[in-house]
Structure formats: C-alpha cells, structure tokens
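Let's take a relaxed walk through this one, piece by piece. Have a look at the sequence and the 3D view before reading on.

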Amino acid sequence: MSTTLFLVSLVIITALFFDFTNGFHDSANAMATSVATGALKPKVAVLIAAVLNVAGAFLSTEVAKTISGGIVNDALVTPTMIFAGLVGAILWNLMTWLLGLPSSSSHALFGGLIGAVLIGAGASGVNFSVVVSKILLPAVVAPVVAALAAGAATYILYKMIKRADDEPQAGWFRHAQSVSASMVALAHGTSDGQKTMGVITLVLITAGYQESGTGPQFWVVATAGLAIGLGTYSGGWRIMRTMGKGIVDVKAPQGFAAETTSAAAILASSHMGFGLSTTQVCSGSILGSGVGKKLAHVRWTTARKILYGWLLTLPAAALVGGAAAAIALTGTIGLIIVFAALVAGALAIYAISKRAPVSSTNVNDSADVTIKPDKAEVTV
Amino acid sequence: MNIDWASLALVAITTVVAAVAIVGIFSLGVTALTSGGQDDSGGTVVHRPAQPIAKLAGYLCVGISGLLVLYGLYLIIPQFH
C-alpha cells in the first residue's frame, strides 16, 4: 500500500468516525424534547431522527466546495492536517458527550482544523476575521435569537391556553411537537450529512483519486449518510437528558414551541445567508421555552455549564488538533501514533461513561449527567 | 471585517415572527378544538365535543399549520428549487 493510499484511507475512516459522533451528538437537538415529554418513545424518536438524517444526506445535492468556508486557507490544507483536525473534533465531541453537554460539532471541526493549520502552515493559514464573523458572532446570536423567539412563542401559547399541560390540549401539542422535531432532523441531515462528504471528496481530489470539480461519489454519500444515521440511532442519551430535562423540565407545549422555533431559525439561517449552529439554536430554544412559561424552573447552573462548553469548544478542539498535527506531520509513524491515540482516547471516554451510563431506558429518570456512579439514582 | 448585519437582522426577525405566528395559529386551533371543556361531575373526566363552528375553525388553524410544514419541507429539500 502506498503512503498516499494509506493516508487517504486513514482520513476517510476518521471522517466517518467524526460523522458518527456528529450524529449522536446532534440527535438530541431534534429529539430531546419529544423524548422528555413522551411524545415519542426514546427508541422510536432516534429511529425517526436517524432515517430523516440519512434521507437528508441523500437529498442534499450541493456539497461544500470548501471544508471550512474560508476559516482556514484551504490551499494550504493537506490531508494530514484534515486528519489531525478531525482527531481534535472527535475527541472534543466525545468529551462533551461524556459530560452531557450539547456543543456544536461544526465548531469542534473548525477548531480542530484551525489548530492543525496553525501548527502545519502557521498563523497566516487562519483567517481570524472569518473566525469572528462566522463562528464567534453567530455563536452569540444563535442562542439569543432562539431563546427570544421560543420565549415569546411559549408565553403567548400559555396566555392563550391556561391548561395547555393538561389533556386533551397536551395531546395536540405532543403530535405537533413530533412533526416540528422531524423537520429539525431532516434539515440537520441536509446540512451536516454533506459536511463529511465534502471532507472526503476534497481529500480524494487532493490525493488525485478523483477529478477536480466533480461531486461526491455514490459510495461517499452512502457511507457518510450511514455513519451519521448510525450515530443518530445510537442516541447520545447523555446529551438528550441534559436538553430534555437538564435545562428545563420540558412539557409538551414548550417542546412544541421550542422545536418550531428551532426549525424556523435553522431554515431562516440556511436560506438567508447567515449560518447558525443547530446545536446552539436548539439549546437556546429550549432555554427560551422555560423562560417564557410562568413559574417554570430554569436550571441556570446547567445553562451556564453549557455556555462554558461552547466557549471551550473552539480552543479545546484546536489544542488537540494542533497537538495531533505536530505528531502526524512527522511521517507515517506519527500518523499511526495519532490514530492509535484517537482510538485509545475514544475507548477511555467510553469506559468512563459506563460508570454512570445513560440509555434509552433511564434517559428521563434524572436531570443530571454525571461521571461518578450514583447510588441514589439506582434506587429510584 | 465583513459582518453581514442585514442578513443577521433578517434571520433574527424571521425566526421570531415565524415562531410566534406558527405557535399562535396552532394554539388557536387547539383552543377551538378543545373548547367543549370537560365534564368531571360523574367521577370520570369526559371531554365534551366542541361546537361545530369551533371545530371547523380549529381544523382550519391546524390545516394552516400543516401547510406551513409543507412549506418548510419545500425549503429543506433542494430538489424542489
């Protein structure tokens, strides 16, 4: 096997692994509130989200022409840097999953790439003004706008229907909530599914395995769709618990208001040229649905923890991406070391998660995600 | 630095207006459809059906929400453009 083929295979495997973590990180965005209110059974919710994610991946025709949308200078990016960036993104995604924190997978990917490019090509390879306008500013705007909109919608809803939490009203909202959550899942599939396809296609082109200017090959679309679908189906129950119970104990009308707001925000942002992170929109909507309801208990400590997670996402992924690049750029041995470290890190995080697992059966039992075995939880 | 404030404002306003409008219309529908109230005098709760005119108005509101969902699908699926 030639060195190029080895490198390309490594990048593709890592990209698909990233896609998988992207899926289980983001299945909570669409489905957490539906699972929390009982609108959908947990397993059914993730199955719907997975199918819609895969469908979305196949539907999206326009695959990203650049990996980063101008955040790094794509001309300077080599497959090794992409590999290192993916490693940073995966490890940060797994870390935040372990802590039950919803954080943006795109920001993790950008962070990892920025770190890798800083090490591999120097500071000139990173467009810091684009980092501000495309990452930092939207990161502030997304949750604030979503929280405002969902807050207003929830407030009006409960003004109109005093007993919205009771039957039969709640039944209507549960159905409506499932519909709006499905919209979020489909929209997510069309945007995030194509991210990994873009990465793989660009690597194939850079390495000379594919004609420049051509779209993704069928097997790339199929494997990327499958990876994100499998990730979504595996559920990411830790993040699901935080988003469905941790920020606010969401009731069906709130879930409906939050998911509708998220769908509206995602569609508006993707059609009006100001990209917002799905995760940050959805977290903001859920928070807003708590603020908008009188006497609803918003757990600000959890909200604050999530905020810290967002602030750390970019630098943390950059740090890991940079370290990975420093080792991987030394040659084939370096690549193998980084890949081995990725596998070891992923397994270690998975092992820690097993100490206090969150699954489809206990996702709604508590509002907290811990990494310490909690005996009180078992007895409930 | 090139920040597109106009699209930012447009996205923000669209999100707020769309969310409030859709949730408002659907809630109006639910109000109408459940306007019969309930009768719990007999021990078990019985939901009384809404008046026919309220029912019609209610289904109209739910129908409009359904059309908005279809519009959302139109926006999401690139093959329609």
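Which pattern does chain B follow when read along the sequence? The pattern is α-β-β-α, made up of 2 helices and 2 strands. Keep in mind as you look around that this is a predicted model.

**How sure is the predictor?**

The model scores ipTM 0.88 and pTM 0.89. Here is how the two chains do on confidence:

| Chain | Average pLDDT | Residues with pLDDT of at least 70 |
|---|---|---|
| Chain A | 87 | 95% |
| Chain B | 84 | 88% |

Within chain A, the element with the highest mean pLDDT is α3(A), at 94, while helix α13 (residues 375–379) has the lowest, at 44. Over residues 375–380 of chain A the pLDDT is below 50, and that stretch has 3 contacts in the model beyond near neighbours in sequence. Where pLDDT is low, the predicted coordinates should not be read in detail.

**Chain B and its contact with chain A**

Chain B has 81 residues, and 30% of them count as buried. Take the contacts in chain B with a separation of 6 or more: 45% of them come from residues 24 or more positions apart.

How many residues does each chain bring to the contact between them? Chain B brings 32 residues and chain A brings 43 residues. On chain B's side, the elements giving two or more residues are α1 (5–33) and α2 (52–76) of chain B. The biggest giver there is α1(B), with 19 residues. Sort that side of chain B by class and you get 20 nonpolar, 11 polar and 1 charged residues.

Now zoom in on B:L33, which lies in helix α1 of chain B. Is B:L33 buried or exposed? A residue needs 20 or more other C-beta atoms within 10 Å to count as buried; B:L33 has 21, so B:L33 is buried. Leaving out residues up to four places away in sequence, B:L33 touches B:A50, B:K55 and B:G58. You can also compare sequence and space here: B:L33 and B:V62 are 29 residues apart in sequence, and their C-alpha atoms are 9.6 Å apart.

**The nonpolar core**

The largest nonpolar core has 146 residues. Which of its residues touch the most other members? They are A:M31, A:V87, A:A149 and B:A19. The largest share of this core comes from α1(A), with 17 residues. Follow A:M31 in the 3D view and, setting aside residues up to four places away in sequence, you'll find A:A45, A:V46, A:A49, A:A181 and A:M240 touching it.

Two of those partners, A:A45 and A:V46, are among the buried residues of α2(A). That helix covers residues 42–59 of chain A, and its 18 residues reach 26 Å from first C-alpha to last, close to the 26 Å expected at 1.5 Å a residue. Other buried residues of α2(A) include A:P42, A:I48, A:L52 and A:N53. What covers the buried residues of α2(A) includes α1, α6 (169–206) and α7 (218–234) of chain A.

**A proline inside a helix**

Next stop: A:P143, in helix α5 (residues 128–160) of chain A. A:P143 is buried, because 26 other C-beta atoms lie within 10 Å. Beyond its neighbours within four places in sequence, A:P143 is in contact with A:Q280, A:S283 and A:G284. From A:P143 to A:K245 there are 102 residues in sequence and 18 Å in space, C-alpha to C-alpha.

**A helix with two sides**

Last up is helix α12 (residues 332–353) of chain A. At 1.5 Å a residue, its 22 residues should span 32 Å, and the end C-alpha atoms are 32 Å apart, which agrees. Which residues of α12(A) are buried? They are A:L335, A:V338 and A:L342. Looking down the axis of α12(A), the buried residues fall within an arc of 65 degrees, so they line one face of the helix. These buried residues pack against α1 (3–37), α3 (79–98) and α11 (300–328) of chain A. Turn to the other side of α12(A) and you meet exposed residues, including A:T332, A:I333, A:A340 and A:V343.

Conventions: Residues numbered from 1 in each chain as written. Chains lettered and ligands numbered in written order. Predicted model: local features only at pLDDT ≥ 70, side-chain atom pairs only at ≥ 80, totals over all residues. Helix = DSSP H or I, 4+ residues; strand = E, 2+ residues; numbered from the N terminus. Expected span 1.5 Å × (residues − 1). Buried ≥ 20, exposed ≤ 12 C-beta atoms within 10 Å, placed from the backbone. Arc of directions from axis to C-beta. Contact = placed C-beta atoms within 7 Å. pLDDT = per-residue confidence, 0-100. Nonpolar A, V, L, I, M, F, W, Y, C, P; charged D, E, K, R; others polar. Core = buried A, V, L, I, M, F, W, Y, C linked by C-beta atoms within 7 Å.
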